Amino acid sequence: MAQEAEDSQNVRSNQLTTFGSIQLHRGRMKRPQSERLHDEVDTELLKERELIEGVASVLQRVIEQIIEQIRLNRSGKYHLEHDLKEKFEAQCIDNSCALMTIHSIDNLQKSKNINAAMPSLSVTPKQWENISDIHMAKVEQQKTNSLSLRALAESLLEQTAADMQKELQATTEAFQRNVQEIKAAKSQMEDQLTTITSEIAGQQRIREDLQVAITENEHCLSLAQARLDVRRHRPAKEQCHDPAQSQLLVEVQQLTAQISKLREAVAQSEMEQRAMVRYQLELQENIEVKASALYIDEVICAQHRETTIIHNF
């Protein structure tokens, strides 16, 4: 009975552990799509589940054998007790016969009106001995079978507990490695996010400086153009292409080219900043994905596994 209780407890424990493994696998399916990889943790969880289901199946068969052995033991006990009871009754009758006298026979016959003939004996002495020997032999055989079955059950409990402990440890280590990998990837992304945020700010400052330079050059260009316009109002015979006029025309040309280059630089800076912002958003999304996966494996799954206990018997 004690062995049956232990086996039943172990099977129930295995069922709970199997349920826990299924729940963990389902819980990890809630990770973001990009993180739903068939990784080492999933492999170990599946192995753990298969092992526990196999152990539960084996132990269930042992329980059935133990139940049947208990039935046989009770049957043997019943026959022994019944045989003992009959022998005790026969002993009491023989003791009474040994104490009987002529007077007690007369009294017994008068009180019971016994006139029936004595029944014939149905069992020979040899048969009488064989009946008891058979019962005792059956009980001894069942006792031997019980001891063998108990040894088998204890060996299975010890072996299955060791196997499950080993696989449980392997799965735990897989979780730990996966958590460390996620943390490392998340940390690297956070460093990259810090760098790209700094570069975006730097790019913003560069564009602001370019805008200041464009404004200054536009002011200079406006001044040069204004001077040219004013010089057109000189008297006709004074409107010669003098050095001042040439210098103003060169200045306008140079300033126009410079402003064009600065505007191209602003456009290039804006394009680079947009690419940086897209990368920044991508990094932020990936960091959130890693944080979600990390929370599931390090917190939720860890809490489930803390309640998983493999009993040693």
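Helix axes are lines fitted to C-alpha atoms over the stretch in contact, and the angle between two of them runs from 0 to 180 degrees between N-to-C directions. The structure described here is a predicted model. On this basis, the axes of helix α2 (residues 40–99) and helix α4 (residues 125–231) come within 8 Å, with a crossing angle of roughly 165°. Angles over 145 degrees count as roughly antiparallel, and α2 and α4 are therefore roughly antiparallel to each other. The crossing of this pair is left-handed. The residues that form the contact of α2 with α4 comprise 24 nonpolar, 13 polar and 9 charged.

A second helix pair involves α4 and helix α5 (residues 243–306), whose axes come within 5 Å and cross at roughly 165°. With that angle, α4 and α5 are therefore also roughly antiparallel to each other. The crossing of α4 with α5 is left-handed. In the contact of α4 with α5, 34 residues are nonpolar, 18 are polar and 16 are charged.

The chain as a whole contains 5 helices and 0 strands. Its order of elements along the sequence is α-α-α-α-α. The chain has 313 residues, of which 30% are buried. Contacts between residues at least 6 apart in sequence were also classified by separation, and 87% of them join residues at least 24 apart.

Individual residues of α4 and α5 were then examined. Gln 203 belongs to helix α4. The relative accessible area of Gln 203 is 9%, and the limit for a buried residue is under 20%, so Gln 203 is classed as buried. When residues up to four places away in sequence are not counted, the residues touched by Gln 203 are Ser 269, Glu 272, Gln 273 and Met 276.

Two residues of α5 have higher values of accessibility than the limit for burial. Gln 258 is located in helix α5. Its relative accessibility is 35%, and Gln 258 therefore counts as partly exposed. Gln 258 and Asn 217 are 41 residues apart along the chain, and their C-alpha atoms are separated by 7.6 Å. Glu 288 is likewise part of helix α5. Because its relative accessibility is 57%, and the exposed class begins over 50%, Glu 288 counts as exposed. Between Glu 288 and Lys 186 the C-alpha to C-alpha distance is 8.8 Å, for a sequence separation of 102 residues.

Cysteine residues were considered last. A search of the whole structure returned 0 disulfides; the criterion is a pair of cysteine sulfur atoms within 2.5 Å. Cys 92 has a relative accessibility of 32% and therefore counts as partly exposed. For Cys 97 the relative accessible area is 43%, so Cys 97 is partly exposed as well.

Terms used
Residues numbered from 1 in each chain as written. Predicted model: local features only at pLDDT ≥ 70, side-chain atom pairs only at ≥ 80, totals over all residues. Heavy atoms only, no water. Helix = DSSP H or I, 4+ residues; strand = E, 2+ residues; numbered from the N terminus. Parallel < 35°, antiparallel > 145°, perpendicular 65-115°, else oblique. Left-handed = near helix turned anticlockwise from the far one by under 90°. Nonpolar A, V, L, I, M, F, W, Y, C, P; charged D, E, K, R; others polar. Buried < 20%, exposed > 50% of the residue type's maximum accessible area, 1.4 Å probe, protein only. Contact = heavy atoms within 4.5 Å.
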